[in-house]
Amino acid sequence: SNPFEVKVNRQKFDILGRKTKNDVGLPGVSRSKAIKKRNQTLLKEYKEREKTNVFKDKRFGEYNTKITPEEKMIRRFTLERQQNYGKKNIYNLNEDEELTHYGQSLAEIEKLNDIVDSDSDTEERGTLSAELTAAHFGGGGGLLRKKVSSEQQDEEEKPKSRKELIEDMIAKSKQEKQERQTRRESALELTQKLDKDWKEIQTLIARKTPKSERRDKEIEKPKPDEYDMIVRELGFEMKAKPSERLKTEEELAKEEQARLQKLEADRLRRMRGIDEEADKKRPSHMSADDLADGFILDKDDRRLLSYKDGKINIENEEEREEEGEEEDNENEEESQEESASGDEEDDAADSHSDLESDLESEGEAAGSKEEKKYKANENESQNVEKLDPKREAAKSELPYTFAVPESYETFKSLLAGRTIEQQLIILERIQKCNHPSLAVGNKAKLEKLFGFLLEYIGELATLDLPELRTIDKLVLPLYNLCQMFPEAASDSIKFILRDAAHDLEEVIEVKGRATFPGLDMLIYLKIVSLLFPTSDFWHPVVTPAFMYMSQLLTKCRITTLQDVIKGLFICCLFLEYVSLSRRLVPELINFLLGVLHISLPKNQAQGYTVVHPYTPVGKNLELLLVCDKEDLKSWEKQNVPLSIVTRLKESSRTEINHTRLSCLALCFDLIKKCAALYESLPSFHEIMHPVRILLTQHMPVNEYPEKMQEWYHSALKELENKVKHYTPLICEKKKPVPLKQYTPKIVKVLEFGRKQAGSKKEQERKQLIQRHKRELKGAIREIRKDNQYLARMQLSEIMERDSARKRKVKELLGSLATQEGEWKAMKRKKWKN
């Protein structure tokens, strides 16, 4: 053993009477013991891993009744093939395998049993030649006696060359092929003859079943089920044909642009007076050899015979012929001008003798040309008169292609003087002709178009008579542009909201109070709810609009009836915004409470509080109070249009009173909607308590008309019928949890570096953990050693197999070498003899 591997276990203290087993450790001794133990256990298991002394039926699926016998045989066959082709060890490259080629073993092919060697002897294999036996066993006398006869035999039995052998093989293969063909033909003839004989015999054997049995069979035959009938029908149904591929957005945009460009070209052609049909009908030049194969009769020239006073009616025929001649004159003149040069050349080539007559007839030809020119001018003037209405109609049509306006003035001039339908068509054609996929700069141009359209809507809203119907129609192209460019649309609307909020703050800082914005800003707030989702918790456009509307309801003073109408419009917008999210808007309920407050008389006792912008005392109270009984009786429920804001100054007193009552009815309707919207809130009754008090205790209901009373009672019923679905949230009563005291944890230390354990359970737990770690490490170590031992055994087996294989190969090569030497020596002796 190596002295450097010897390990000495020293003890700190020598104790009397203690016996030490392992004072000096010898690794070699312990290792040999371990190897010996593994040889007795692990190696024995490894060698007997595939052996068994118990017979087990391991046939696949033998006791499985769910598998059919065919499936069992197929799966057993596949398992056998896998076992034959599977390697015993995937890492052994020298393992013997049976290689095949077209089902034949390569080992048998390498024996070269069927190959004919042209250089070999022609003697039969496995038998000794006569010369060799005579030389070795019979002495040399026989050779001398048979020398002459052997020479004659050699001449007769000369070895064949390679070419002769190949020709013999080809002849044999052809002969065999011919024999096979004859056998096949004879077998086919015999089968046909047998079939023919069987048919003749079968007619004699055939027996017809009686009619009674046939009827019984027909009766017993079951009727087809509905399911079977449906399945058969499905078999005859037409299969679905593949539909056409859906076109992409770019392809659709290109097709639409091409269509509009073609329509615009047709419009320009009509406006210039160019008749496309006349160009198509113009006859082309026809040669003398033309047989008119492609002639098509456009119209039926047949005429019915008619008699008048016993004579044939010829007038109608003459009129039709004159009309046809007038139509054909233009085409004839054009064709004459085109083919003039060709006709002149042909005439000159054909008749040289007509030169003198041509000189004489120049005067007549000049006169005929002037007459033709005069007729052509008359026809042109008639055609211009016919085309004038077409030109005017083409000029009045809208162009089919438009460029995106670069400034707001050009955009405004483009839409000025057009009807709303024409404006929508123009905007649609601008979008289609300048789609972002058609050119690089179209996206930026259409983004500008959204801003121009937004500004145009605001300008329509600021007119003395706002065109609300036009604005309503223009929202659709605005929505389409917003869907195409959401970022640009949100930026432009955010810019408008930011400017409006800054203006509101500046007015409040300067004057201390603010007024409601114009009609254009209210329409912008409505457009926001149409273009963007209002149910999101936070949105970059809707949230600023939400905040701006809440500021309007809290900071704008109510001084006129127009302010009340604008405030109610914002309340309607609020309900539209929160219809899905059900978000509580205190400004909305406060404003509705103020609207009810200004509809009461001044000196009435109050049991509720009014919040800004309303005041309990002031000159702007009683804005919605109506004392005229005649106006109360003549009032009818009607919607409050937003355009009435600009017409209140010109309206009469009765109309103003009716507007006040309509505003009050709208307030009742909004209170009813708020009650239905916020009924699930825990604090619903607390929120709507002031409104309920004002409705029940202070409203002069009996003075209002019957329809107003109906609205009042429906709103009050909606408020009072709501039952408390939820109790208010209250914190659960629990003992208060004391704050954590950050006091130091004191641990007693018995010795330096050792701590006292907390309890017996903790000590046992630590011991178990340490013991588990120790056992785990030992188990891992033993498993690793076992794997190394098995790997060594496998490697030794592989090396033994490889050495045995190499030894056998050497033996085979040596035997082959000796055989080759013997064969060469024998051949050498033969040639010498």
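**Exercise 1. Identify the residues that serine 662 contacts beyond its neighbours within four places in sequence, and place serine 662 in the fold.**

Solution. Leaving aside those neighbours, serine 662 is in contact with Trp635, Gln638 and Val640. The model examined here and in the exercises below is predicted. In this model, serine 662 belongs to helix H27, which covers residues 653-677. Its relative accessibility is 3%, so serine 662 counts as buried.

**Exercise 2. Describe the chain as a whole: its secondary structure, its buried share, its contacts and its surface.**

Solution. Begin with secondary structure: the protein chain holds 31 helices and 6 strands. Next, consider burial: 23% of the 833 residues count as buried. Then turn to contacts with a separation of 6 or more: 71% of them are between residues 24 or more positions apart. Finally, the chain exposes about 66400 Å², and carbon and sulfur atoms supply 53% of this area.

**Exercise 3. Determine whether the end-to-end distance of helix H22 agrees or disagrees with its number of residues, and establish what surrounds the helix.**

Solution. Step one concerns length. Helix H22 has 13 residues (519-531) and, at 1.5 Å a residue, should span 18 Å; the end C-alpha atoms are 19 Å apart, which agrees.

Step two concerns burial. Of the 13 residues of H22, 10 are buried, so the helix is largely enclosed by the rest of the structure. Among these buried residues are Leu519, Met521, Tyr524 and Ser529.

Step three identifies the packing partners. The buried residues of H22 pack against helices H19 (442-461), H20 (468-484), H21 (486-511), H23 (542-555) and H24 (561-577).

**Exercise 4. Repeat the analysis for helix H19.**

Solution. The 20 residues of H19 should span 28 Å at 1.5 Å a residue, and the distance of 29 Å between the end C-alpha atoms agrees. The buried residues of H19 include Asn442, Phe450, Phe452, Tyr456 and Gly458. They pack against helix H17 (408-415), helix H18 (420-433), H20, H21 and H22.

**Exercise 5. Establish how many disulfides the structure contains, and examine cysteine 674 in this light.**

Solution. A disulfide is a covalent bond between the sulfur atoms of two cysteines. A search of the whole structure finds 0 disulfides. For cysteine 674, the closest cysteine sulfur is that of cysteine 571, at 7.8 Å, which is too far for a bond; the cut-off is 2.5 Å. Cysteine 674 is buried, with a relative accessible area of 1%. Cysteine 482 is also buried, with a relative accessible area of 4%.

**Exercise 6. Characterise the surroundings of leucine 592.**

Solution. Leucine 592 lies in helix H25 (residues 586-597) and is buried, with a relative accessible area of 3%. Apart from neighbours within four places in sequence, its contacts are Leu568, Cys571, Cys667, Leu670, Ile671 and Cys674. Leucine 592 and leucine 666 are 74 residues apart in sequence, whereas their C-alpha atoms are 9.9 Å apart in space.

**Exercise 7. Explain what is notable about the backbone of arginine 582.**

Solution. Most residues other than glycine have a negative phi. Arginine 582 is not a glycine, yet its phi is positive, at about 55°. Arginine 582 is placed in the loop between H24 and H25 and is partly exposed, with a relative accessible area of 43%.

**Exercise 8. Trace the salt bridges formed by arginine 38, and compare the setting of the pair glutamate 62 and arginine 76.**

Solution. The whole structure contains 14 salt bridges. In one of them, glutamate 782 pairs with arginine 38, the closest N and O atoms being 3.3 Å apart. Glutamate 782 lies in helix H31 and arginine 38 in helix H1 (residues 27-40), so the pair ties together parts that are 744 residues apart in sequence. Glutamate 782 is partly exposed at 40% relative accessible area, whereas arginine 38 counts as buried at 11%.

Aspartate 786 also forms a salt bridge with arginine 38, with the closest N and O atoms 2.6 Å apart. This pair again links H31 with H1, across 748 residues.

The side chains of glutamate 62 and arginine 76 meet in a salt bridge of 2.8 Å, N to O. Glutamate 62 lies in the loop between helices H2 (42-47) and H3 (69-85) and arginine 76 in H3, so the pair ties together parts that are 14 residues apart in sequence.

Notes:
Residues numbered from 1 in each chain as written. Predicted model: local features only at pLDDT ≥ 70, side-chain atom pairs only at ≥ 80, totals over all residues. Heavy atoms only, no water. Helix = DSSP H or I, 4+ residues; strand = E, 2+ residues; numbered from the N terminus. Expected span 1.5 Å × (residues − 1). Buried < 20%, exposed > 50% of the residue type's maximum accessible area, 1.4 Å probe, protein only. Contact = heavy atoms within 4.5 Å. Areas by Shrake-Rupley, 256 points an atom, 1.4 Å probe, with all protein chains shown as cover. Salt bridge = Lys/Arg side-chain N within 4 Å of Asp/Glu carboxyl O.
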